[in-house]
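Biologist: Before we turn to the inside of this protein, could you show me how to read its cavities and its nonpolar cores?

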Amino acid sequence: MQQETMQRETIAGRADHILVVDDESAVLGMVVAMLERSGYDVSAAAGAEQALLHLQDDPGCDLVLSDIMMSGGDGLSLLDVICNNHAGTPVVMLTAVQDIRVATNAFRRGAIDYLLKPFDRAQLLTVVDRALEHGRLLKQNAAYRQNLEQIISARTGRLRATMQDLERSYDFTLEAMGDALDLRDAETEGHSRRVTVYTIALAREIGLDPEQLRTIARGAFLHDIGKIATPDRILLKPGKLDPGEVEIMRQHCARGYDLVRKIPFLRDAAEIVFTHQETFDGTGYPRGLRGEAIPLGARIFAIADTLDAMTSDRPYRTGRSFAEARAEILRCSGTQFDPAIVKIFLSLPSGLWSDLRREVERGCSSLLEAPLQ
């Protein structure tokens with residue numbers, strides 16, 4: 001631990017300064033202690049008002065960790081003030097509320113990540129390291145923009161690399177949003193991560209380039225993001241949906257598309273979100289596209305989605321084997337799935353998919369960064 005502390009200070013020139021805000025003294029003390037043992041310079045505030053006074057006196061704070069539900073001023077209001085008055089200071093929200101709406105609201109208002117209570121030291125340090133890196137990249141990007149005329153000719157390559165790093169940092173936030181969506185529907189927990197890994201593996205075998213892989217990975221990971229707008233009474237209904245409920249559920253494709261396409265670097269990925277329920281024979285939705293009129297990424301995703309759905313346990317059934325899933329995908333070749341992609345899928349060893357599933361369950365550093373590796 002002493003070696004870790006010395007390394008942090010050597011790399012940064014000083015220990016990163018973190019402000020922790022929580023009105024529960026036990027939680028506040030625990031988080032402060034864990035961070036200090038890891039070599040960070042930590043300050044504590046028992047509420048939003050005390051936190052703002054600290055930021056006024058010390059505007060050089062590198063990161064703010066704030067609880068959402070606090071007496072005497074909530075964490076989201078504190079987030080608004082930090083984003084307006086201390087732009088560039090990353091904020092991570094701490095919450096015990098497993099509600100997609102709370103997480104989504106925090107992201108919209110400027111939080112870059114969130115952490116569910118209770119959490120252990122490893123989870124805390126992972127989120128903190130990621131957030132500090134995000135903050136460093138934002139500051140680098142702002143500095144480059146201020147001096148762009150002077151440095152454009154000499155540092156074009158370096159600027160491009162910084163922007164790529166910043167984009168990868170945004171992908172971390174996308175992953176957090178996808179994980180938050182999984183919290184809303186425990187039945188499909190982990191589905192977004194597994195289906196993204198399967199989609200990337202199949203797209204690689206087809207021979208797509210890194211930029212195409214990155215677009216497809218983002219589209220696959222965010223495919224169900226439109227379900228944020230689906231009422232709980234329909235999304236979480238244990239029984240069969242009636243025709244009206246089916247129609248509302250089907251709107252998640254268009255709602256997700258409208259949400260994602262507004263983000264410039266996700267515009268191409270939005271097409272996969274929009275078309276991921278189309279089928280090769282034209283019987284899918286929302287537009288009834290047929291054959292190659294369906295984007296290639298969506299045709300690849302369709303196979304990966306079925307593979308994960310069939311091999312995952314549900315409350316009403318046990319997941320089937322990968323061999324059974326392969327047989328079903330072959331049976332639906334030419335109707336639900338693109339026959340050319342099915343042929344490539346079947347050429348891959350069946351053990352690949354179980355290996356990938358185990359890899360996802362162990363966790364990885366960045367799911368959406370995988371296409372670049």
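Modeller: Please keep in mind that this is a predicted model. Helix α15, residues 296-311, gives the most to the lining of the largest cavity, with 3 residues.

Biologist: How many cavities of 30 Å³ or more does the count give, and about how much space lies in the largest cavity?

Modeller: The count comes to 3 cavities of 30 Å³ or more, and the largest cavity holds about 60 Å³ of space.

Biologist: Which residues line the largest cavity, and how do they divide into nonpolar, polar and charged?

Modeller: Its lining includes T275, H276, E278, T279 and F280, together with A298, R299 and A302, and the lining residues as a group divide into 5 nonpolar, 4 polar and 3 charged.

Biologist: What is the general idea behind a nonpolar core?

Modeller: In soluble globular proteins, nonpolar side chains tend to be buried together. Here the largest nonpolar core has 30 residues, of which L202, I303, L307 and W353 touch the most other members. Two or more residues of this core come from each of α9 (191-206), α10 (210-221), α15, α16 (322-331), α17 (339-347) and α18 (351-362), and α15 supplies the largest share, 7 residues.

Biologist: Which residues is L307 in contact with, leaving aside its neighbours within four places in sequence?

Modeller: With those neighbours set aside, L307 is in contact with Y198, F322, A325, I329, F345 and W353. Another core, of 23 residues, lies apart from the largest one, and among its members are V27, V31, L35 and I112.

Terms used. Residues are numbered from 1 along each chain as its sequence is written. This is a predicted model: local features need pLDDT of at least 70, side-chain atom pairs count only at pLDDT 80 or more; totals for chains, interfaces and linings use all residues. Side-chain values use heavy atoms; hydrogens and water are left out. On a 1 Å grid over the protein atoms alone, a cavity is a set of points where a 1.4 Å probe fits but cannot get out, and a pocket is an open set with protein on both sides within 12 Å along at least five of seven lines; lining residues have an atom within 4 Å of a point. Grid points are joined across faces, edges and corners, and a volume is the space filled by probe spheres set on the points. Helices (H or I, at least four residues) and strands (E, at least two) are DSSP runs, numbered from the N terminus. Ala, Val, Leu, Ile, Met, Phe, Trp, Tyr, Cys and Pro count as nonpolar, Asp, Glu, Lys and Arg as charged, and the others, Gly among them, as polar. A nonpolar core is a set of buried Ala, Val, Leu, Ile, Met, Phe, Trp, Tyr and Cys residues joined through side-chain atoms within 4.5 Å. Buried means under 20% relative accessible area, exposed over 50%, partly exposed in between (1.4 Å probe, protein chains only). Contact means heavy atoms within 4.5 Å.
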